[in-house]
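Work through the exercises below with the sequence and the model at hand. Each task is followed by a solution in steps.

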Amino acid sequence: MSADIQLAWPRNATLMGIYAIRCLADGRVYVGQSRRIYDRWRDHLVELRHGRGSPRLQKMWVVHGPSYFTFEILEIVSDSTRMQEREQFYIDHYKAADPACGMNTLPTAGSFDGYTPDDEA
């Protein structure tokens, strides 16, 4: 789903799982988790449009613009106790915390462990 499309997804959808926001210009990916993926995407769009997104994601949004971003569901997770484990799998798989490959600033799902501000953000 392209970020330049208005918020037309189902308002009552309660999909829980892991999602990605992908920059089509360079292939970098942001990985996140939510108990309500569609609501979280809406929140991301609001934050990005107002300059308050996750630092690396916000920087790429400003550089490339909304038409270069897609929102994808990576995995539906039915057991909420597995959310962090599954998010971590995708952060590692896509190297989403590596500034060369991804836009996550936190290398560990659900934790600020390992966070260091960088010049790119």
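The model is predicted. In it, E1 and E2 form a hairpin with five residues between them, and Gly27 in the turn has a positive phi of about 80°.

**Exercise 1. The hairpin**

Task: Determine in which sense strands E1 and E2 pair, and over how many bridges. Then find the bridge partner of Gly17 in E2.

Solution:
- Step 1. Locate the two strands: E1 covers residues 17-23, and E2 covers residues 29-34.
- Step 2. Read the pairing: E1 and E2 run antiparallel to each other, with six bridges.
- Step 3. Look up Gly17: Ser34 in E2 is its bridge partner.

**Exercise 2. Ser34**

Task: Decide whether Ser34 is buried or exposed, and describe its surroundings.

Solution:
- Step 1. Place the residue: Ser34 belongs to strand E2.
- Step 2. Apply the cut-off: Ser34 has a relative accessible area of 12%, and buried means under 20%, so Ser34 counts as buried.
- Step 3. Compare with the strand: five of the six residues of E2 are buried, and E2 is thus mostly covered.
- Step 4. Check the side chain: one of its polar atoms lies 3.0 Å from the backbone nitrogen of Arg36.
- Step 5. List the contacts: leaving out residues up to four places away in sequence, Ser34 touches Leu15, Met16, Gly17, Tyr19, Arg40 and Met83. Among them is Gly17, the bridge partner from Exercise 1.

**Exercise 3. The largest pocket**

Task: Describe the lining of the largest pocket by class, and find which element supplies the largest share of it.

Solution:
- Step 1. Take the volume, which is about 230 Å³.
- Step 2. Identify the lining: 17 residues line the pocket, and Tyr30, Val31, Glu87, Asn104 and Leu106 are those nearest its centre.
- Step 3. Sort the lining by class: seven residues are nonpolar, eight polar and two charged.
- Step 4. Assign elements: E2 and helix H3 (83-94) each give at least two lining residues. The largest share, four residues, is from E2.

**Exercise 4. Gln88**

Task: Find what the side chain of Gln88 reaches, first among side chains and then on the backbone.

Solution:
- Step 1. Place the residue: Gln88 is in helix H3.
- Step 2. Look at side chains: Gln88 makes a polar contact with the side chain of Asp92 at 2.9 Å.
- Step 3. Look at the backbone: the side chain of Gln88 comes to 2.7 Å from the backbone nitrogen of Ala109.
- Step 4. Add the contacts: not counting residues up to four places away in sequence, Gln88 touches Pro107, Thr108 and Ala109.

How values were computed. Residues numbered from 1 in each chain as written. Predicted model: local features only at pLDDT ≥ 70, side-chain atom pairs only at ≥ 80, totals over all residues. Heavy atoms only, no water. Buried < 20%, exposed > 50% of the residue type's maximum accessible area, 1.4 Å probe, protein only. Polar contact = N/O pair within 3.5 Å; in protein donor to acceptor, adjacent residues only side chain to side chain. Contact = heavy atoms within 4.5 Å. 1 Å grid on protein atoms, 1.4 Å probe; cavity = no way out; pocket = protein on both sides within 12 Å on 5 of 7 lines; lining within 4 Å. Points joined across faces, edges and corners; volume = space filled by probe spheres on them. Nonpolar A, V, L, I, M, F, W, Y, C, P; charged D, E, K, R; others polar. Pairing = 2+ DSSP bridges.
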